[in-house]
Structure formats: structure tokens, C-alpha cells
Amino acid sequence: MAENRKEQILNILKEKKSVRILDLSKQLKVSRETVRKDIMEMEEEGLLKKTYGGAVLDEANIETDYERRRAENKGQKESIADRAYQFIESGDTIYLDYGTSTYALAEKLVDFKDLTVVTNSIPIVNLLIHSPGVQLIILGGNVRKNEDSLFGTFGLNSAKEIFVDLGFFGCAGIDTKSGVTNYHMGEIEISKVMIHHSKTVILLADDTKFGKSALYKTSNLADLDIVITTTMKDLEAEEEFLKYGFEIIKTEGGEKDD
């Protein structure tokens, strides 16, 4: 019942952009306290923003559905994943952050021999769970359903005890002013820990992410070692990013999907 209500609330929000708890209570035929609890949980899942007496759908800071994002710029993501794969060696321990760019890399690791993968992404777990050469370490926690990822105190505490050779991270935006940003507060807390627990930090970001910012800051640009991206047409912007000390690797091919 709760999941059905949440889906209804989200559909109403997508249509109206904002809702009042009182109106939802009448429309859904449940108490205001029930609606208030649903809205609080949906905010924790990154589905909406709670306001006084209601909620809003902040389209500037809400991501598209995971499956749809996996199909966006697929050629670019595969090209970036191919290049990222070249950094991984037998015997490595790596971290794969939640997101679709890291999933594209995980797809290339199914038959890898002698690799340990730490992740908080349920799709990556499902992809690699039967790979005999891959040992999985899953950071537990609360499930964020629209991203199929894990976050919260349990996963954060686990991350604090783990150190890896390579950390691969995605983002919603990378900008010289705001740094690396993403959408969900709970998930970026785990990302922050793993960035500092990775010997080498590699960001996977196609060129559409440059110059953009999302709601929550994941890291400073100085925390990055390598950024793997596609062709950057703005050479002046590229020079600005290089001032922060990380290497930019531009892949060949990977045209944007129509």
C-alpha cells in the first residue's frame, strides 16, 4: 500500500510540480500523518524535496530513472568504460560507485580473473554476483529504490573500514566552482569516504557533465587523480580544469546517441 501511495504522490508531483499534504490526504483517503511519513521517506530516497506543509519536485536537482539513464549516451559510456578498464590489473581491489557510468565499466568485468570489487550499487552486485573470478564486497544500508543503490549509516560505517587500489566514480556534474556534484545526500557521504580511501581516484564523466552542478557536493576537483571523458570541444574550459592537478583522458569515438 505504501509503495502504491508513493507512486501516486510522485505522479501527482510530476504533473503539478508541487503538492500540499492536506490535499494529498483527501485525494489518497489517508491521514495527514501517513502522507507526511511517505513524503519524509521519499525525500530520503531522493525523489522529492519536502517543504512546509507539502513537497515539490525540483527538476533541476532530480535525476531521470536509472534504466533510462543507462541508455543515454550509451556509446560514450562504453568508450569511457573501455579506457577505464585498462587501469585494472589482476589482484586489484577496486571500488565502483553507484551510477550508470560505473555500471558500464562493471559490464566489462564479468569475466575478469582475480579481482575484488567493493560497491553500493545493487545492479552492479546483480551483474557480478556469479562471476567466479570476482570477489564482491557489498556496502549495506538503506535501499534507494529509484537508483537501486545502498546508503545510510550501516554502509557508511563499512566504507570507513575499507581501502582500495582504484576508486571509480560517476557524477551529475563537474564544475570549476562547485567541484564534483551529485543528487543524493546519503550516497555522496559514502562516495566521500571512498574517494579518500582510494589510492587512485578516477572520475568517469562524459562531456555533457562538464560545467554542470547538482545539489550536493561529492568532492573538490583537487581530490581527483584522473578524469576519463569524451571529446572536450571547449579548450579554454579544459585548461581551467587542468589547473586543479588531475589528468584528463579523452577517449576515441563514443558518439552521442540520438
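The following legends describe close-up views of a predicted model.

**Figure 1. Overall content of the predicted protein.** The protein contains ten helices and 15 strands. Of its 258 residues, 50% count as buried. Among contacts between residues at least 6 apart in sequence, 62% join residues at least 24 apart.

**Figure 2. The open sheet formed by strands 1, 3 and 2.** Three strands make up this open sheet, in the order 1-3-2, and their pairing is antiparallel. Strand 1 (18-20) and strand 2 occupy the edges with a single partner strand each, so one side of each is left without a neighbour in the sheet. From one strand to the next, the twist averages 25°. Strand 1 and strand 3 are joined in the antiparallel sense over three bridges. Within this part of the sheet, S18 stands opposite V56 in strand 3. Two helices lie across the strands of this sheet: helix 2 lies across strand 1 and strand 3, running at about 75° to strand 1, while helix 3 lies across strand 2 and strand 3, running at about 140° to strand 2.

**Figure 3. Helix 2 and its buried face.** The buried residues shown in helix 2 are I21, L24, S25 and L28. They cover an arc of only 105° around the axis, which puts them on the same side of helix 2. The elements against which the buried residues of helix 2 pack are helix 1, strand 1, helix 3 and strand 3. Just after helix 2, K29 adopts a positive phi of about 60°.

**Figure 4. Helix 3 and the elements that cover it.** Helix 3 (residues 32-44) comprises 13 residues. From its first C-alpha to its last, helix 3 reaches 19 Å, close to the 18 Å expected at 1.5 Å a residue. Residues V35, D38, I39 and M42 of helix 3 are buried. Seen down the axis of helix 3, its buried residues fall within an arc of 100°, so they line one face of the helix. The cover over the buried residues of helix 3 includes two helices, helix 1 (2-16) and helix 2 (21-28). It also includes two strands, strand 2 (49-51) and strand 3 (54-56).

**Figure 5. The crossing of helix 1 and helix 3.** The axes of helix 1 and helix 3 come within 10 Å and cross at roughly 75°. An angle from 65 to 115 degrees counts as roughly perpendicular, and helix 1 is therefore roughly perpendicular to helix 3. On the side of helix 1, the contact is made by R5, K6, I9 and L10. On the side of helix 3, T34, D38, E41 and M42 make the contact. Of the residues in this contact, D38 and M42 are also buried in helix 3.

**Figure 6. The open sheet formed by strands 10, 11 and 13.** This open sheet of three strands has the order 10-11-13, and the pairing is antiparallel. Its edge strands are strand 10 (173-175) and strand 13 (216-219), each of which pairs on one side only. Neighbouring strands of the sheet are turned by 40° against each other on average, direction ignored. Three bridges connect strand 10 with strand 11 (residues 179-182) in the antiparallel sense. In this pairing, G173 stands opposite T181 in strand 11. Helix 9 (residues 185-196) lies across strand 11 and strand 13, and its direction is at about 15° to strand 13.

**Figure 7. Strand 12 and its parallel partners.** Five of the seven residues of strand 12 (residues 198-204) are buried, so this strand is largely enclosed by the rest of the structure. Strand 9 (residues 164-169) pairs with strand 12 in the parallel sense over five bridges. In strand 12, T200 is the bridge partner of L166. Strand 12 is also joined to strand 14 (residues 226-229) by three bridges, and these two strands run parallel. In strand 14, I228 is the bridge partner of L204.

Note on methods:
Residues numbered from 1 in each chain as written. Predicted model: local features only at pLDDT ≥ 70, side-chain atom pairs only at ≥ 80, totals over all residues. Heavy atoms only, no water. Pairing = 2+ DSSP bridges. Helix = DSSP H or I, 4+ residues; strand = E, 2+ residues; numbered from the N terminus. Axes fitted to C-alpha atoms, helices over the stretch in contact; angles between N-to-C directions. Contact = heavy atoms within 4.5 Å. Expected span 1.5 Å × (residues − 1). Buried < 20%, exposed > 50% of the residue type's maximum accessible area, 1.4 Å probe, protein only. Arc of directions from axis to C-beta. Parallel < 35°, antiparallel > 145°, perpendicular 65-115°, else oblique.
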